[in-house]
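Good morning, and thank you for coming. Please look at the sequence and the structure as I go through them.

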Amino acid sequence: MSNRLRFAPSPTGALHIGGIRTALYNFLVAKQKGGQFILRIEDTDQNRFVPGAEEYITRSLDWLGLKLDESPALGGPHGPYKQSERIHMYKDYALKLVDEGKAYFAWDTSEELDKMRETSSDHSFKYDASVRGQMNNSLSLEKAEVEEKIVANSQYTIRLKVEPGQSIMIQDKVRGEVVFDSSELDDKVLVKADGFPTYHLANVVDDHLMEITDVIRGEEWLPSTAHHVLLYQAFGWQDTMPSFSHLPLILKPNGNGKLSKRDGQKFGFPVFPLAWPSDNPADAIDGFDSYGFEPEAVINFLAMLGWNPGTEQEIFSLEELITTFDPEKIHKAGARFDFDKALWFNQQYVHKLSFTEAEERLRKQGETLGYNLDAGDLEGAFTLLQPRVSLLKEIMPLAYYFFSDTIVFEKEEIAKKWKPEVGPVLEKIAEVLKTIDPFNFEFTSAAAKEVIQTSGVKMGLVMPMLRAALTGTMQGPDVFAIAEVLGREKSVARIQAFAKERSPTL
RNA sequence: GGCCCCUUCGUCUAUCGGUUAGGACAGCAGAUUUUCAUUCUGCAGAGAGGGGUUCGAUUCCCCUAGGGGCUACCA
């Protein structure tokens, strides 16, 4: 039997990178074992449903290259893959447990329970074996009364009857043996008063029905896994119970709690894969995509946040991760999110991009910046600027002087360094460049340097002005490399214009 | 409060009883680039504390401290 792993998010908004990492690890294990990677939407809480969230989740996985085998959109042999569409299935399982005495009906309202929790000493109230005899449920009430209530008031919950005094051992693949005492566990609600199942019921039933073999999820689920094991036992499914791996949490950069959706705004970096659009611009949130990240880089750094191959290799493609990933090496401790490191990963990928891979995006951005892309050499500009950026989108803003003849001069900086004796030297360089053939980096550089040397004017005075003449700025790639990309005509014209404007005496 | 998980440089981490405790990001210094960035080289920087076990503990066990998670008719 092949391995089947599922990623099971709730459509309560944008997914953050913690969720993405969970999806990634599920994907890696599934693919490594030649199994299936499944998306199941856990939308059993009608109150928290956010329109567009499900679509956002699929788009995110798609952007990252985490290809699904079964999902709500794709379908599959164990559909439907959305819990709201399987809603009729869950209650019968719970009712079966009631019949067998493993669960019971309860009519206590949320308000009543809240009150008990508030009034109990240090919030220690727990709906468990020690109190259920005094509560309003089918165990404490007379049979006739129960039957009457079921007919009269269908607003009941179904709770799991947890037998105290047993120890429940979980074999967690990343944490080893974890033992819980059932006396500490409460009688978890399985079916809510609205008839919907809770996460615990739906999750166990679906994992069973969908033949899930490995559950990989966040550490926040570790405490409730004891209940899940109890549920598998109650249903008699213990033989096909999946293995569990509870992932360490991704923490805020200051280590102060787990990373949350709002931390992106707070710390000034994206925490979502894709931007979350909104009609109200104030609510729109940046994603790694809109921030300019390559999906491969996001995958790479998320893979390394909580896992390490044990070698010194840090750069991994998705394919390499599939073969290299070793679930045994997943860490136990939470990891802080380090945006600088994420940027560094992206830089590694941007520097590897070929022009063909980048071209479309560069063109698009050039257009939105209002560039006349036909006026310059896009590939030349890219080649020169690529090693200088961490994000692909940083290139085009730096490249404007390749596409526009109206140069924006950094006037103050230039004025500070300008010496009148430089003017004639620039003029001379322009003259010489007119005839240099071929007009390339080596030739122009050698020729211009010779002019400067024979002129007696300091190199350090002329070179910055030459740069300013061509680009308007005081920094950037090598001057002659820029000249080569610009071409003879533009280079000569710019140098002459610059010299003339600044040297009225000429 | 209770239960559970965790603890190596500022950060992410390697080490599966014997290492000058290794690497990466960030930081600092230098080289290259007569600019800036890249790149390269170097420097600095860690086993939470206390007990055991052992010839020997970062590594195994216990305690303490600290951090995190859960404690809903949310997932």
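**Chain A and its RNA strand**

Of the 506 residues in chain A, 37% are buried, where buried means that 20 or more other C-beta atoms, placed from the backbone, lie within 10 Å of the residue's own. This is a predicted model, in which local features need pLDDT of at least 70 and side-chain atom pairs count only at pLDDT 80 or more, while totals for chains, interfaces and linings use all residues. Residues are numbered from 1 along each chain as its sequence is written, and chains are lettered from A and ligands numbered from 1 in the order in which they are written.

Chain A has 21 helices and eleven strands; these are DSSP runs numbered from the N terminus, helices being H or I of at least four residues and strands E of at least two.

Let us turn to the packing of two helices. Helix 13 (residues 355–368) and helix 14 (residues 378–385) pack at about 110°, with axes 11 Å apart; axes are lines fitted to C-alpha atoms over the stretch in contact, and angles run from 0 to 180 degrees between N-to-C directions. Helix 13 is therefore roughly perpendicular to helix 14, a term covering 65 to 115 degrees. Phe355, Ala358 and Leu362 of helix 13 meet Leu378, Glu379 and Phe382 of helix 14, contact meaning C-beta atoms, placed from the backbone, within 7 Å.

Finally, which residues are closest to RNA strand B? They are Ala193, Lys332, Ala333, Ala335 and Met459, among 60 residues that surround the strand, near meaning a C-beta atom, placed from the backbone, within 6 Å.

Note on methods:
A residue is buried if 20 or more other C-beta atoms lie within 10 Å of its own, exposed if 12 or fewer, and partly exposed in between; C-beta atoms are placed from the backbone. Angles under 35 degrees count as roughly parallel, over 145 as roughly antiparallel, 65 to 115 as roughly perpendicular and the rest as oblique. Two residues are in contact if their C-beta atoms, placed from the backbone, lie within 7 Å.
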